[in-house]
Amino acid sequence: MSLTSAINTTKAAFRNMGDQSSVISTNIANDGNENYVRRSAVVTNTIFGASTVVTQRNQQLALLFQTVSANSQSKAQSTLLDGLETLKSSLGGNEYELAPSTYMSTLQSSLQAFAASPGQLALAQTVVTDALDVANSLNRVSGTVQNLRADADAELESQVAELNRLLADFKTANDTVVQATATGSDPNNALDTRETILKEISGIVGVSVVMRENNDIALYTADGTTLFETIPRSVSFSRTYTYSATVTGNAVYIDGVAVEAGVGGNSSAEGSLAALLQLRDDVAPTFQNQLDEVARGLIEAFQEADAGGANPLPGLFTWPTGTVPASGTVVPGLAASITINSALVTSSGGDPTLLRDGGINGAAYVKNTTGGSGYSDLLLTYVENLSTSRPFDPSAGLDTSSGLLTFSTDSIGWLEEMRANATTATDNKTALYERAFQVYSSKTGVSLDEELSLLLDVEQSYKASAKLVSTIDSMLKAVLDMAG
């Protein structure tokens, strides 16, 4: 080997070691950065025999796509569970002490006590107070349901705005990757940025990824709607600010196609959008229908009929229209407006003993015509009506024929079953995501021990090259001395 060749070899070695050190240093600086994919400095030989360092990115597309999918499912499931926990909290703790069914059981007990001693005014007042608790519970829980829908709607607006922003950022990163790949430049930093954005997008909407030429990517939703293909597709949503049982929220559109809501406690939703739609348009409305049917059943159970058994009107429980709703048909929002008939409330000038005697709606509705204080027939009828089987609207998602107390208890069972399924599914999907993330990180993340070991190898190579430089220097000095 000539001295010139030796010098060139040494220069190449120092250049390659500098490139390797730079890559290793960058890896070490990003230790613990979950959005950084490790680089490898690989020495290769060119067709001309020269050596050079090529930076390779430890890309694991299959593991990345698995992690993205698991993230979508985990985010959706946890979003659904949060909403179900909100509904449960409105019913009290694990004993459901604030649930309408709990107050109805108390009301039934106080009715039975009043029927046993119908001459005691204090017992009549207790029944009215307990009935007020039932009405207030229905009002309050109904308000929570509609607040949940309004909160979900507000979060939909926020998530849609965030998704549009992420898609715009994704285009910038994707264009950079494609351009760098096509021109032979280093696309690694842009690839990291693009993958980070992809993970964030997957938390909002389920995505499938299609790789194309020059590292280009196209994104589609779980149901096949185009989300990104060269340019972002429009994601649109119009928020509804005030919710009641009669209000239907607007759809979320991606590229003109409505996003489908998730289904079931173990939700089919992928991403938070589908889970929020499930809460707003399925879970909450179904629970609201159950509350409305309980309210309707109460008005029906305590209605008054005139002496001829006709012209029924609300008795203990009433609502703004002052009529008895049709049997077996849900009245949207009834639980929010049900109240106690003021004719029975002492503080409003009413007489609670009218519940025993009849006549809440006037003399034509009096049943205790003799005025005897021992009359209890009407009270016993009310007690029986709370347990007597009656029809319920199928839209409530429960049995269409059951006792009112049973129906109200089954409503809690429906919510608890869905919440339990959602809890189990959340645990499973969270574990799946964490496992997928750990495997992905182990393949693409930085190992500090490995990087320091590589750095030592570079150091040894540097020492060897430095020794070669020293040898070349001695040889050149000897040549110059000979020439002198």
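**Hairpins, sheets and packed helices in a predicted model**

Let me begin with a turn: strand 5 and strand 6 make a hairpin in which one residue lies between them, and that turn contains Thr230, whose phi is positive at about 75°. When I say helix or strand, I mean DSSP runs numbered from the N terminus, with helices being H or I of at least four residues and strands being E of at least two. Before going further, please keep in mind that this is a predicted model, in which local features need pLDDT of at least 70 and side-chain atom pairs count only at pLDDT 80 or more, while totals for chains, interfaces and linings use all residues. Residues are numbered from 1 along each chain as its sequence is written, and side-chain values use heavy atoms, with hydrogens and water left out.

Returning to that hairpin, strand 5 is joined to strand 6 (residues 231–232) by two bridges, and the two run antiparallel, with Glu229 standing opposite Ile231 of strand 6. Pairing here requires that DSSP finds at least two bridges between two strands. These strands belong to an open sheet of four strands in the order 3-4-5-6, paired antiparallel, and its edges are strand 3 and strand 6, each of which pairs on one side only.

Moving inward through the sheet, strand 4 (residues 217–221) pairs with strand 5 (residues 226–229) in the antiparallel sense over three bridges, and Leu219 has Phe228 of strand 5 as its bridge partner. These two strands also form a hairpin, here with four residues between them, and Gly224 in the turn has a positive phi of about 95°. On the other side, strand 3 (residues 207–211) pairs with strand 4, again antiparallel, over five bridges, and here Val209 is the residue opposite Leu219. The hairpin of strand 3 and strand 4 has five residues between the strands, and its turn includes Asn214, with a positive phi of about 60°.

What, then, surrounds strand 4, and how many of its residues are buried? Five of the five are buried (under 20% relative accessible area, against over 50% for exposed and partly exposed in between, with a 1.4 Å probe and protein chains only), so strand 4 is largely enclosed by the rest of the structure. In a regular strand the side chains alternate between the two faces of the sheet. In strand 4, Ile217, Leu219 and Thr221 point one way, Ala218 and Tyr220 point the other way, and all are buried.

There is also an open sheet of three strands, ordered 7-8-9 and paired antiparallel, with strand 7 (235–236) and strand 9 (257–258) as the edge strands, each pairing on one side only. Strand 7 pairs with strand 8 (residues 253–254) over two bridges in the antiparallel sense, and Val235 has Ile254 in strand 8 as its bridge partner.

Turning to the helices, helix 4 has 63 residues and reaches 92 Å from its first C-alpha to its last, close to the 93 Å expected at 1.5 Å a residue, where the expected span is 1.5 Å times one less than the number of residues. Gly184, with a positive phi near 80°, follows helix 4.

Helix 4 (residues 121–183) packs with helix 6 (residues 272–301) at an angle of about 165°, their axes being 9 Å apart, which makes helix 4 roughly antiparallel to helix 6. The axes are lines fitted to C-alpha atoms, for helices over the stretch in contact, and angles run from 0 to 180 degrees between N-to-C directions; under 35 degrees counts as roughly parallel, over 145 as roughly antiparallel, 65 to 115 as roughly perpendicular and the rest as oblique.

Finally, 14 of the 17 residues of helix 5 (residues 188–204) are buried, so helix 5 is largely enclosed by the rest of the structure. In helix 10 (residues 404–444) we find Leu405, which is buried at a relative accessible area of 11%; its C-alpha atom is separated by 9.2 Å from that of Gln108, 297 residues apart along the chain.
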